[in-house]
Amino acid sequence: MKKLILDILLGSLLVFSFTYIVLLIAGAPVLDAFKHIWLGAFASSIKISQVLSVWVPLTLCSCGLLFTFRANLWNIGIEGQVTMGAIGAMAVLRTPVIDNPTLILCLAFLTSMLCGGAWGLFAGLLKTRGGVHEIFGGLGLNFVSQGFILWLIFGPWKRPGIASMSGTELLNRKLWLASLPGWRVATAGIVIAIAILILTWLFLEKSRLGLKLKAIGQNPKAALLYAISPERYYLQSILIAGSCAGIAGFIQTTGVYHRLIPSISSGYGYLALLLVMLSGYKIVLIPILAFFFASLNVGAIQLPIVLQLDSALSGVIQGCCVLCALFILGIRQRRAQP
Amino acid sequence: MRGKFTGMFAVLVAAVALLLSPAQSQASADNFIFGLLMVGPANDHGWSQAHFEAGKEIEKNIPGSKMIYIDKVNPADRPGVTIPFLVDDLVSKGAKLIIGNSDDMTDGIREAAMLHPDIKFIHISGDDALNPDAPENLSNLMGKMEYGQMMAGFAAAMTTQTGKIGYLGPLINDETKRLAVSCFLGARYVWTEVLKKDPATLTFKITWIGFWFNIPGVTSDPTQVAKNFFDSGYDVVISGIDTTEALIVADQKKREGADVTAIPYDYEGACETAPDACLGVPYFNWYPGYSHFINSIKNNNWKKEWLWLGPDWKDMSNTRKSSISFKNGKALSGDVQAKLAVFAKGLGDESISLFTGPLNFQDKSVFLKEGETATEMQIWNMPQLLEGMEGASE
Amino acid sequence: MDVEFQHISKNFGSVKALTDVSLTARSGTIHGLIGENGAGKSTLMKILTGYQSKSSGSILLDGVEVQLNNPGQASEFGIGMLYQEPMDFPPLTVLENFSLGTPHQSRQELHFALKTLSIRFGFDLNPDRPVELLTVGERQQIELLRLIHCSIKVLVLDEPTTGISPAQKEALFPALKQLAADGMTILLVSHKLEEVANLCSEVTVLRHGKLTHHTTAPFHFPKLLTAMFGFVPKRSDRSDTRDTGPPILIFKDIEASGERQGLHRCNLTIAEGEVIGLAGLDGAGQSTFLRLAAGLISPDQGKVILFSDPLPYGAKASIRAQELHTAFIPADRLEESLFARISLRDHFSLREEHGMFWQSRTETRKRAEEAIATFSIKGTPEDLAEDLSGGNQQRLLLSLLNRNSRLILLENPTRGLDIQSGQWIWQHLRDELSPDTTIIFSSPELDEILHYCDRIIVFHDGLIVLDSAVPETSHDAIAAVMTGIRESAP
């Protein structure tokens with residue numbers, strides 16, 4: 001217990017001194033910077049709801065990544081899976097055939113899952129069939145999906161008479177995910193994120209699938225002796241991860257931007273990778289850490305507005321937190337070893 | 001493990017919370033705060049900087065006014081940040097007026113205007129205010145850059161030796177098409193009226209990069225596009241984008257011995273980046289527009305307006321009155337400068353009217369019949385490039 | 001330079017790798033160090049070259065005690081080692097590799113030195129060729145020349161003839177003899193008796209970390225073999241021979257890669273109910289054989305026919321083999337057959353063949369408890385696999401075996417177990433399972449093989465060199481073929 005408290009103190013001290021130095025170097029008033037980040041994220045319900053709208057896709061991506069990490073897969077292609085999910089959702093939303101907004105949103109939701117999942121599966125097949133490491137396959141597919149979304153926005157889905165990288169035409173208001181009055185976050189998004197969190201927990205901890213993924217992640221050689229085919233479960237886990245990412249894409253499209261933009265994934269996939277590693281692959285920590293990162297992301301916009309600092313500094317602060325946490329983790333692991 | 005982590009996190013959050021007392025400054029009553037959302041960096045030597053400096057000028061000249069701003073408002077630079085969110089934030093800091101400086105912000109500003117009916121909005125370059133159903137608190141402001149671009153086209157055509165002028169276009173929309181068309185008309189005027197050459201010998205080519213500035217991996221690289229122009233015999237490149245790549249490349253080529261020049265865009269000081277290669281710059285002065293709207297708010301006579309402000313022909317460089325101007329660059333010869341002044345005078349007294357028929361569109365359909373002059377709306381909603389121009393219309 | 005080891009002991013935790021080993025290698029001689037795998041030869045050499053520290057004892061060079069705490073110190077004393085896998089930099093050229101670690105010299109000087117040495121030892125090396133294009137034998141030659149160029153006084157060779165061609169061997173041996181004649185001390189680690197007899201003037205045998213035999217040329221092979229593998233067990237210990245049924249496993253013209261030598265020209269038929277022991281030095285092909293039968297690797301050529309069903313190629317083979325009731329327990333339990341950080345109970349859950357989607361905790365817990373009782377595993381259902389001792393891990397693996405298994409493949413089933421655990425495991429295998437279950441196992445202990453099996457198959461360098469019913473062969477004959485001695489050998 002004493003050691004734990006020591007760890008926490010050491011960790012916090014490290015984070016603060018590190019960020020202090022960074023801000024000092026950047027010539028920023030340090031305490032003011034912290035204060036504004038804090039206020040920028042929590043000063044009002046509008047701001048908190050903005051934090052939540054970042055929290056939703058982060059949580060969704062993280063849940064998906066828990067599955068792949070459990071099978072010891074580096075699903076770096078999650079960015080592309082978010083993008084493909086968004087594209088899938090948009091494809092349905094653009095179809096004028098169906099009149100009922102609820103129905104069309106439900107269809108878009110399912111399609112986004114399907115598209116994200118398929119994109120994940122693609123990376124998985126590249127690994128199991130083609131022998132391409134999932135990191136390289138994933139990165140490659142990220143580029144492909146980026147190219148694809150650009151082509152759509154610049155080509156077939158461009159605004160009439162306009163060819164701009166800025167995005168497709170705004171969705172009909174009926175197709176926007178609703179939010180509570182005064183809130184800036186789609187209620188459905190929060191419900192979905194919480195549901196996925198619970199499902200992820202159930203699948204990973206209570207189902208045989210979760211156990212098998214754990215076994216494969218620990219020892220794929222041995223898994224084969226239990227008649228568990230690692231390939232098959234690699235594909236399943238990356239399919240699930242892709243589907244979760246796809247849902248994040250759906251929410252980004254229908255709840256945040258209300259259109260398709262080139263950077264629809266907003267880098268949340270990569271951020272989620274970091275976050276999940278930091279959590280030590282523990283699902284209880286996911287929503288908390290996602291909230292922390294989301295508030296840092298949202299709060300940091302104050303740095304340029306109020307202090308005229310480059311908001312890239314928030315990335316530096318984020319990096320510091322991660323480094324310090326990893327450092328403490330490393331110390332603890334070394335201590336655990338005889 | 002789990003407990004440790006949660007604990008650590010809790011302490012972290014608590015520490016942050018304790019350190020920072022929740023005190024937020026409130027605007028005092030007689031201050032007038034306005035918020036400026038810039039699509040590019042505030043120091044881009046182009047579009048965004050022109051807005052930024054106008055805002056600074058307002059702060060100096062309208063007592064009590066204060067600008068809060070944020071630049072690089074675009075999804076590539078600030079992923080996950082939306083216009084309504086930024087407006088929420090600026091409003092919470094006391095802003096009474098929000099200026100969104102990009103066509104790209106149309107949807108976001110429209111949404112924000114609906115969410116904040118008490119706050120006034122100016123959207124630069126849009127035309128929502130022409131729509132009777134649009135919210136009353138949203139006005140539009142734009143400068144008649146068509147004149148600036150005509151002068152740019154004039155200067156370019158007077159300078160080119162090869163008869164090939166390149167136009168570095170941003171994305172394709174009505175605005176960019178009408179600006180490119182104006183530029184072309186200025187150049188063609190030189191060819192037919194000044195130099196008395198066959199218009200077929202003038203090459204005017206547009207390459208669109210896909211956005212107002214370079215987004216690596218997303219847009220075409222403007223530096224590369226400019227290089228391609230110079231390498232394939234174009235000796236003047238006119239920039240229609242917010243940043244100065246064309247000028248920088250021209251300067252490099254000039255140092256390597258090539259006789260090339262460029263015309264940047266948007267910002268009075270744009271030539272300073274590389275004065276030796278700069279023919280001049282057509283630029284915006286947003287002060288007249290901004291001050292008009294701010295005064296109308298202060299005097300409580302705001303109304304929904306669509307303002308399209310042109311140059312003050314008596315003195316284009318008058319910062320209080322003229323919204324559009326052209327500043328001659330070092331590379332523009334004295335002879336041409338004199339002819340350009342005559343041309344500008346002709347535009348001002350309407351003795352020269354370039355949007356007069358016969359003009360055909362790129363697809364050979366008729367834009368203006370013989371003797372017909374385009375209306376403002378015809379120019380504003382330019383559907384296509386013109387016959388004689390190379391480049392995509394959509 | 002004389003190298004003298006005095007009372008060297010080395011402990012890894014509670015494991016004794018070396019116990020009180022003393023030996024002297026004299027200047028100008030080639031000293032052979034032999035023993036089966038794990039006998040402690042490599043540990044002793046690592047202590048000499050500074051890669052490992054000794055627990056007690058001392059090392060004397062020319063009668064002076066020295067401290068060899070790291071490889072740098074050892075090389076300062078002029079001790080160099082030629083490894084089984086050459087320690088070189090494949091992208092660099094021959095000359096560049098040659099120049100590493102040598103005193104600074106110009107390119108011409110180096111070129112000249114390489115050329116002179118090559119001629120002296122009869123090696124044909126192109127200085128500008130990248131090393132990655134060379135054979136293992138050629139890379140070994142560069143390494144050897146480099147060491148000589150660094151003017152080392154003590155040369156340690158670790159299994160130098162593994163992976164090199166007969167021609168290269170022909171070039172290597174005279175070179176070594178010449179070096180010894182020039183006064184160098186050479187220590188040769190090997191398990192190939194013929195080579196040792198050919199090269200060495202003195203031989204020391206290690207077994208289980210202890211010195212069991214020391215002798216000078218000429219060598220008496222049976223004595224060396226006994227020192228290496230222990231004594232011939234008495235016949236009366238043996239279990240009864242079983243009846244055998246129809247063939248269940250057929251290897252047809254198998255060519256496979258794996259381990260050091262792979263497996264070649266393998267044709268074999270195994271009948272139901274047989275208990276077969278696979279003997280051979282470590283890496284001679286037994287493990288490749290077992291993995292082929294388990295479907296974990298696929299042959300390059302030929303067919304594995306399991307229960308009259310040719311195994312498919314690739315990843316499906318293992319699953320198919322299990323469907324055919326074949327079970328495999330590899331030697332490395334935590335590495336290959338258990339999940340270190342998964343509980344015993346969950347291992348049973350993983351083993352379930354037709355489970356529900358959700359885990360059924362109570363049922364698997366019950367199964368785990370039953371197994372713990374039946375197999376006397378010291379642990380609880382919630383213990384992690386890594387928390388069990390080796391013997392208990394092996395019991396857990398046995399308890400996880402499908403009771404309907406018709407073919408059980410075991411790789412070194414008593415590895416790391418004490419005698420009691422080992423006996424318990426064999427009792428279970430022979431007595432608890434149905435007598436028509438076929439058992440194929442490998443073991444480095446000849447005693448174990450002779451004791452428990454009916455038929456023995458001996459591997460050497462990827463070939464089956466002996467296939468015989470146990471009563472028709474002898475300990476000495478097996479030990480001889482294991483070490484590569486053909487019948488014509490002395």
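In this predicted model, the buried residues of helix H2 of chain A are A:Ala33, A:Phe34, A:Lys35, A:His36, A:Ile37, A:Trp38, A:Leu39, A:Gly40 and A:Ala41. The helix itself covers residues 30-42, which makes 13 residues in total. From its first C-alpha to its last, H2(A) reaches 19 Å, close to the 18 Å expected at 1.5 Å a residue.

Helix H2 belongs to a chain built from helices and no strands: the secondary structure of chain A comes to 14 helices and 0 strands. Read from the N terminus, the elements of chain A accordingly run α-α-α-α-α-α-α-α-α-α-α-α-α-α. The radius of gyration of chain A is 21 Å, and the globule rule gives a close value of 20 Å for 338 residues, so chain A is as compact as a globular protein of that length. Along the principal axes, the C-alpha trace of chain A spans about 65 × 60 × 35 Å. Of the 338 residues in this chain, 57% are buried. Contacts in chain A also reach across the sequence: among those between residues at least 6 apart, 77% join residues at least 24 apart.

Turning to chain B, two sheets can be described. One is an open sheet of 6 strands in the order S2-S1-S3-S4-S5-S11, with parallel pairing. Its edge strands are S2 (65-70) and S11 (306-309) of chain B, each of which pairs on one side only. Neighbouring strands of this sheet are turned by 20° against each other on average, direction ignored. At the S11 edge, S11(B) pairs with strand S5 (residues 138-143) of chain B in the parallel sense over 4 bridges. Within this pairing, B:Trp308 in S11(B) is the bridge partner of B:Met142. Helix H2 of chain B (residues 47-61) packs on the sheet, where it touches S1 (32-37) and S2 of chain B. The direction of this helix makes about 160° with that of S2(B).

The other open sheet of chain B has 5 strands in the order S9-S8-S6-S7-S15, and here too the pairing is parallel. Strands S9 (261-263) and S15 (389-390) of chain B stand at the edges with a single partner strand each, so one side of each is left without a neighbour in the sheet. Further in, strand S6 (residues 164-169) and strand S8 (residues 236-239) of chain B run parallel and are joined by 4 bridges. Here B:Ile165 stands opposite B:Val236 in S8(B). Helix H6 of chain B (residues 174-194) packs on this sheet and touches S6, S7 (203-208), S8 and S15 of chain B. Its direction makes about 165° with that of S6(B).

Finally, the arrangement of the chains can be considered. Of the 2 pairs of chains in contact, chains A and B share the most contacts. Chains B and C, by comparison, are joined by no contact, and their closest C-alpha atoms lie 15 Å apart. Between chains A and C, 18 residues of chain A are in contact with 22 residues of chain C. On the side of chain A that touches chain C, helix H8 (208-218) and helix H9 (220-225) of chain A each supply at least two residues. H8(A) gives the most to this side, with 6 residues. By class, the side of chain A that touches chain C has 8 nonpolar, 4 polar and 6 charged residues.

How values were computed
Residues numbered from 1 in each chain as written. Chains lettered and ligands numbered in written order. Predicted model: local features only at pLDDT ≥ 70, side-chain atom pairs only at ≥ 80, totals over all residues. Contact = placed C-beta atoms within 7 Å. Nonpolar A, V, L, I, M, F, W, Y, C, P; charged D, E, K, R; others polar. Expected span 1.5 Å × (residues − 1). Buried ≥ 20, exposed ≤ 12 C-beta atoms within 10 Å, placed from the backbone. Pairing = 2+ DSSP bridges. Axes fitted to C-alpha atoms, helices over the stretch in contact; angles between N-to-C directions. Rg over C-alpha atoms; globule rule 2.2 N^0.38 Å.
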